[in-house]
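Here are some exercises to work through with the structure beside you. Try each task on your own, then follow the solution step by step.

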Amino acid sequence: QVQLTESGGGLVQAGGSLRLSCAASERTFSNCAMAWFRQAPQQERAFVAAISRNGRITSYADSVKGQFTISRDNAKSTVYLQMNSLKPEDTAVYYCAADTQWVERPPSRVQSEYDYWGQGTQVTVSS
């Protein structure tokens, strides 16, 4: 069982930056692809970014490509989401998720592929 704890959310003005962190409880973190999803008010949860177990392959939603960067530190069992040039439409609860990968492969964008989820962290961007 992998426990995930997000941090780094908060209130920021449009154009600002935030870095989200997601710490995993297990050393098996290095066997997991990791992803960030977000859920805005009255909307379904949506894919944001994902990274393969070794960090060599990343994937982004079109809406955040060039704006957000996902990275990981397997020694710290932590995945990050650097968010720049934030816009009010980026306001959402951000969730990290883990998907066990036994080999290095492109990470999934599909929520149902992810076995473990964090509780979420609120990001609010004011205009």
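**Exercise 1.** In this predicted model, find how many bridges join strand S3 to strand S8, and in which direction the two strands run.

*Solution.* Start by locating strand S3 at residues 18-24 and strand S8 at residues 78-83. Six bridges join them, and the strands run antiparallel. To check one pairing yourself, take leucine 18: its bridge partner in S8 is methionine 83.

Next, widen the view to the sheet around this pair. Four strands form an open sheet, in the order S1-S3-S8-S7, with antiparallel pairing. Strand S1 (4-7) and strand S7 (68-73) each have a single partner strand, so they stand at the edges and one side of each has no neighbour in the sheet. From one strand to the next, the twist averages 15°.

**Exercise 2.** Decide which cysteines form a disulfide, and why cysteine 32 is not bonded to cysteine 22.

*Solution.* First, recall what you are looking for: a disulfide is a covalent bond between the sulfur atoms of two cysteines. The cut-off to apply is a sulfur pair within 2.5 Å.

Now test the candidates. Cysteine 22 and cysteine 96 pass, with an S to S distance of 1.9 Å. This pair links distant parts of the chain, since cysteine 22 lies in strand S3 and cysteine 96 in strand S9, 74 residues apart. The link is right-handed, with 45° about the S-S bond, and both cysteine 22 and cysteine 96 are buried.

Then try cysteine 32. The closest cysteine sulfur to its own is that of cysteine 22, but it is 10 Å away, so the two are too far apart for a bond. Cysteine 32 is buried too, with a relative accessible area of 2%. The final count is one disulfide.

**Exercise 3.** Find which residues have the most contacts inside the largest nonpolar core.

*Solution.* The largest nonpolar core has 36 residues, and Met34, Trp36, Leu81, Met83 and Tyr94 have the most contacts inside it. Then ask which strands contribute: S3, S4 (32-39), S5 (46-51), S7, S8, S9 (92-100) and S11 (121-126) each supply at least two residues of this core.

Zoom in on methionine 34. Not counting residues up to four places away in sequence, methionine 34 touches a list of residues including Leu4, Cys22, Phe29, Ile51, Ile70, Val79 and Tyr114.

**Exercise 4.** Work out which side chains along S11 are buried, and which strands S11 is joined to.

*Solution.* Read along S11 and watch the side chains alternate. Thr121, Val123 and Val125 point to one face and are buried, whereas Gln122, Thr124 and Ser126 point to the other face and are not.

Turn to the partners. Strand S2 (residues 10-13) is joined to S11 by four bridges and runs parallel to it; here valine 12 stands opposite valine 125. S9 is joined to S11 by three bridges and runs antiparallel to it, with tyrosine 94 opposite threonine 121.

**Exercise 5.** Is proline 106 buried or exposed, and what does it contact beyond its neighbours within four places in sequence?

*Solution.* Begin with the location: proline 106 sits in the loop between S9 and strand S10 (116-117). Its relative accessible area is 56%. Exposed means over 50%, so proline 106 counts as exposed.

For the contacts, set aside the neighbours within four places in sequence; Ile57 and Gln101 remain. Isoleucine 57 is 49 residues from proline 106 along the chain, yet their C-alpha atoms are separated by 5.9 Å.

How values were computed. Residues numbered from 1 in each chain as written. Predicted model: local features only at pLDDT ≥ 70, side-chain atom pairs only at ≥ 80, totals over all residues. Heavy atoms only, no water. Pairing = 2+ DSSP bridges. Axes fitted to C-alpha atoms, helices over the stretch in contact; angles between N-to-C directions. Core = buried A, V, L, I, M, F, W, Y, C linked by side-chain atoms within 4.5 Å. Buried < 20%, exposed > 50% of the residue type's maximum accessible area, 1.4 Å probe, protein only. Contact = heavy atoms within 4.5 Å.
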